[in-house]
Amino acid sequence: MFATSQIKEHMEVVGSDGLHVGTVDHMEGDTRIKLTKTDSQDGRHHYLASHLVERVDTRVHLKIPAASAPSQMA
């Protein structure tokens, strides 16, 4: 289990396959992770729901593979 307070600015977000998804810009409340726009193909900020997170160590690990993450982004 993890606490959303463990998710910090500039942490790498990776899929369950270990592939890069993005970089944390910051948390918006306890439910949304705002990703930096520099990792985005369209140059915009995108968001991931915190319920997609499996665990947090030096990186944020998602429960889904990196290829599935864009379909989960807002």
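This report describes the sheet, the aromatic contacts and the largest pocket of a predicted model.

**The sheet**

Strands of a sheet pair through backbone hydrogen bonds, either parallel or antiparallel. Here, six strands make up an open sheet with mixed pairing, and their order is β4-β3-β2-β1-β6-β5. The edges are occupied by β4 (46-49) and β5 (53-56); each has a single partner strand, so one side of each lacks a neighbour in the sheet. From one strand to the next, the twist averages 40°.

Within this sheet, β2 and β3 pair in the antiparallel sense, with four bridges between them. In this part of the sheet, Met27 lies opposite Ile33 of β3. The strands named with their residue ranges are listed below.

| Strand | Residues |
|---|---|
| β2 | 20-28 |
| β3 | 32-35 |
| β4 | 46-49 |
| β5 | 53-56 |

**Aromatic contacts**

The structure contains zero aromatic pairs. A contact between a charge and a ring is nevertheless present: the charged end of Arg32 sits over the ring of Tyr47, at 3.9 Å from the ring centre.

**The largest pocket**

Rolling a probe the size of a water molecule over the atoms shows where empty space is left. The largest pocket has a volume of about 180 Å³. Its lining comprises Val21, Gly22, Leu35, Thr36, Asp39, Ser40, Gln41, Asp42, His46, Ala66, Pro70 and Met73. Classified by type, five of the lining residues are nonpolar, five are polar and two are charged.

How values were computed: Residues numbered from 1 in each chain as written. Predicted model: local features only at pLDDT ≥ 70, side-chain atom pairs only at ≥ 80, totals over all residues. Heavy atoms only, no water. Pairing = 2+ DSSP bridges. Helix = DSSP H or I, 4+ residues; strand = E, 2+ residues; numbered from the N terminus. Axes fitted to C-alpha atoms, helices over the stretch in contact; angles between N-to-C directions. Phe/Tyr/Trp six-rings, centres within 6.5 Å; stacked < 30°, edge-to-face > 60°. Lys NZ or Arg CZ within 6 Å of the ring centre and 35° of its normal. 1 Å grid on protein atoms, 1.4 Å probe; cavity = no way out; pocket = protein on both sides within 12 Å on 5 of 7 lines; lining within 4 Å. Points joined across faces, edges and corners; volume = space filled by probe spheres on them. Nonpolar A, V, L, I, M, F, W, Y, C, P; charged D, E, K, R; others polar.
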